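Open the model in your viewer and keep the selection panel at hand. Each stop below says what to pick and what is there.

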Amino acid sequence: MDETIIIGMSGGVDSAVAAAELIDKGYTVEGIFMKNWDESDSEFCTATEDHRDALQVCDILRIPLRTIDLSDEYWKKVFELFLDECRSGRTPNPDILCNKEIKFCAFLNHALELGAVSIATGHYAHIDKTNGLFQLYRGADPGKDQSYFLCTLNQDQLSKSIFPIGNWKKAKVRKKAYELGFNNHDKKDSTGICFIGERNYQQFLKRFLPIQSGQIITDEGKIIGEHDGLMYYTYGQRQGLGIGGGYGKKNAPWYVTDKDIDQNTLIVGQGHDHPELYHRFLTTSQAHWISGSEPIKEVLTAKIRYRTKDAICRLIEKNKNSLIVEFNEPQFAITPGQSIVFYDKEICLGGAVIETRTHSIN
Amino acid sequence: MLYFDHSATTPLRSEVKELMKSINENNYGNPSSIYSLGQKARIIIETSRKQVADAIGASSDQILFTSSGTESNNQVLWALIFSIKKHVITSSIEHPAVIKVLKNLVTIGISHTLLPVNNSGIVDMSMLVPALKKDTGLISIMQANNEVGSIQPIKETVKIAREYNIPVHTDAVQCLGKIPINTSYLGVDFLSLSAHKFYGPKGVGVLFVKDKKKIRSLMIGGGQESGLRAGTENVAGIAGLGLAAKLATDNLSSHTKHLKQLETIFREKLIKISPDVVFHVKQQNCLPGLVSVAFPGRRSDILMARLDRCGLAVSSGSACSVGNVKPSVVLNAMNVDDSLNRATLRISFGVGNTRDDIELLVSGLKKVLKS
């Protein structure tokens, strides 16, 4: 009981194998299933199936599975902020917020109250303590690394967290799950925002944010269509604009290059190489450093969204929360509301929320 | 594992288990079939019907078998669709199997009024007459509450309802085997029971109907249960229910005495190890063996999980809301403040519990409260 570790069981294969791994290492393990969304909302929420899968895993592992209802906290601390950001035309990342406010805050506190020494999750990232400092490393599977989503964690949270499969390859996780007889061994990876899952993002948002039609205009000022509301679109978006690629001079597809909030217009440009899609500078708010202090190194790499490669950058201004970042190469579709996450090689240093982007800086 | 959550469900009695096993093995006939194998199954059902009728002071033709207490409640409430009078009076501490149904029925024009309860969890009868409307077509008040055990004035309710010619339904799911249930004494029109609350099987319930002309079928299909509940009968389950009902009432006074004793010992010992505990309902107004108690400054979900680790099963609030840290609606209606509400455990003893079990429960609680 003294060395109990409480693991967040999502019903997915990663947390399932993570639990098995902890048991193999000799820990006393208990599972908790977090209910973050009202499960009667069956159109969008898969909590009932997920709980069933988690239960089957815990039955095989012979560990208890309890449920905690954090849907109120999730609604107040994640979803309302998510909607606010959407309303102002930004593209938030609720999964980062969920880690910050729910998994590594509300859930962590609950587990500690239950008498656990640490929590564990099935994240693909790795924690190491060097010189008295907890460092967050990228997961070993480059296709699965989730350090991006963990960029807001602090020293206290890292000191109480374990990622048992952080350095595993996904294929190994699935193989292990299959060997152990877990029903979820071939369950599809959850992608995108947890509460939307595989569903249509626009359709989901329309339930909460009513349609606000406006014009779609080209960067040359020509009206070429109508949109349902700026919040349903994101920078660099190509599909779902309702304008065919055949239109215009180059016969190339159209991309969202900008949003004019005041005029409620969506601005589009033609071709993936359109200059308005690329910027070398960005500014941020809410900068957070995992070590507790800003990096000494000036040249770092950064990701401006989850599914993108690192790009070389410099922090040219560091004012506590707000940073100015300069990239060596212009970056495609830098998106306000998304997080920029900084790395020093394999170490995740922290992140910040993108506010604006520019071509040059005065 | 020591079990102290008999209000959630109870283990099968061994006699019931044996009977069901033998029926499942030998009497697989369909009760509607007219050859002898079917006839045997029919007799099993009718035997059970008589046992249930005897247990609650009814006649056999007033007993319908359903799948659960929930279904029984639903059948009474959904029948209001066909009624001219579309207003229901109920209490603010009903089980979701009543209150959620009524909330659903609002969308199709059936309204309801919730009667308040006092701080002992008993419906305020002075509010009943003022709540009556011209189109009040039903009063549905539970016989005893599932979370705190408070026993409701059903006879008094019926007395008032009679004056206005309004039928009365009571959800008595928590009561059989704990307090006397007599439908002719109470005078109710409808009463719901569930076998798994009195050491019978899960998946079988009873709806007592005083006058079958006053109810509609919820399940439409074959003509089972006088056309009032279609679907091939759960023969073994129904047999188990009948025997369990008989055993529960035959031994009522000794069971009640046993449960009261355990409860008294528990209350006394609990106060010794934790003098600041708050009992929500006094023993005399309550189902025997059910203790709803708050541990100030604690959180029920944490206490529950820690007790679970010690091999002790208790409940916070009602069993249907497991994992839910939201405050109990029932305690809220009783004006229990939010922090005490969230600090409440429900401990419900059963006929199988012993004095030794109480010792272990108290020492488990002592350990958990220390950490």
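**Stop 1: the two domains of chain B**

Begin with chain B, where 27 residues of domain 1 are in contact with 31 residues of domain 2. Keep in mind that this is a predicted model. To colour the two parts, select 2–10 + 251–370 for domain 1 of chain B and 14–250 for domain 2 of chain B. Their centres, taken over C-alpha atoms, lie 27 Å apart.

Now pick the side of domain 1 of chain B that touches domain 2 of chain B. Which elements each supply at least two residues of that side? Select α9 (252–273), β10 (290–294) and α11 (329–333) of chain B. The largest share comes from α9(B), with 4 residues. Colour this side of domain 1 by class: 11 residues are nonpolar, 14 polar and 2 charged.

**Stop 2: chain A as a whole**

Hide chain B and show chain A. Chain A has 7 helices and 17 strands. Its radius of gyration is 22 Å, close to the 21 Å that the globule rule gives for 362 residues, so chain A is as compact as a globular protein of that length. Along the principal axes, the C-alpha trace of chain A spans about 65 × 50 × 35 Å.

Colour chain A by burial next. Of its 362 residues, 42% are buried. Then turn to contacts in chain A with a separation of 6 or more: 64% of them join residues 24 or more positions apart.

**Stop 3: the domains of chain A**

Use three colours here. Domain 1 of chain A is 4–186, domain 2 is 210–273 and domain 3 is 276–358. Centre the view on domains 2 and 3 of chain A. How far apart are their centres, taken over C-alpha atoms? The separation is 26 Å.

At the contact, 8 residues of domain 2 of chain A meet 5 residues of domain 3 of chain A. On the domain 2 side, β10(A) gives the most, with 3 residues. By class, that side of domain 2 of chain A has 2 nonpolar, 4 polar and 2 charged residues.

**Stop 4: a four-stranded sheet**

Stay in chain A and show the strands as ribbons. Select the open sheet with the order β9-β8-β11-β10. Its 4 strands have mixed pairing. The edge strands are β9 (223–227) and β10 (254–260) of chain A, each pairing on one side only. On average, neighbouring strands of this sheet are turned by 30° against each other, direction ignored.

Strands of a sheet pair through backbone hydrogen bonds, either parallel or antiparallel. Check both senses here. Strand β11 of chain A (residues 265–270) pairs with β10(A) in the antiparallel sense, over 6 bridges. In that pair, A:V256 stands opposite A:V268 of β11(A). By contrast, β8(A) and β11(A) run parallel, joined by 3 bridges. Pick A:I216 and look for its bridge partner in β11(A): this is A:L266.

Follow the chain between β10(A) and β11(A). These strands form a hairpin with 4 residues between them. Select A:N264 in the turn, which has a positive phi of about 50°.

Now show the side chains of β11(A). In a regular strand the side chains alternate between the two faces of the sheet. Which residues of β11(A) point to the buried face? A:L266, A:V268 and A:Q270 point to one face and are buried. A:T265, A:I267 and A:G269 point to the other and are not.

**Stop 5: A:G214**

Select A:G214, in strand β8 (residues 214–218) of chain A. It counts as partly exposed because it has 16 C-beta neighbours inside 10 Å, and burial takes 20 or more. Leaving out residues up to four places away in sequence, A:G214 touches A:H227, A:L230, A:N264, A:T265 and A:L266. The turn residue A:N264 is thus on view again. Add A:G229, 15 residues from A:G214 in sequence but 6.6 Å away in space, C-alpha to C-alpha.

**Stop 6: A:E276**

End in the loop between β11 and β12 (278–289) of chain A, where A:E276 is found. A:E276 has 16 other C-beta atoms within 10 Å and is partly exposed. Show its contacts, not counting residues up to four places away in sequence: A:D219, A:T257, A:D258 and A:G269. Last, draw the distance from A:E276 to A:V256, 20 residues apart along the chain. Their C-alpha atoms are separated by 9.3 Å.

Notes
Residues are numbered from 1 along each chain as its sequence is written. Chains are lettered from A and ligands numbered from 1 in the order in which they are written. This is a predicted model: local features need pLDDT of at least 70, side-chain atom pairs count only at pLDDT 80 or more; totals for chains, interfaces and linings use all residues. A residue is buried if 20 or more other C-beta atoms lie within 10 Å of its own, exposed if 12 or fewer, and partly exposed in between; C-beta atoms are placed from the backbone. Two residues are in contact if their C-beta atoms, placed from the backbone, lie within 7 Å. The radius of gyration is taken over C-alpha atoms; the globule rule is 2.2 Å times the number of residues to the power 0.38. Two strands pair if DSSP finds at least two bridges between them. Axes are lines fitted to C-alpha atoms, for helices over the stretch in contact, and angles run from 0 to 180 degrees between N-to-C directions. Domain bounds come from an automatic or database domain assignment. Ala, Val, Leu, Ile, Met, Phe, Trp, Tyr, Cys and Pro count as nonpolar, Asp, Glu, Lys and Arg as charged, and the others, Gly among them, as polar.
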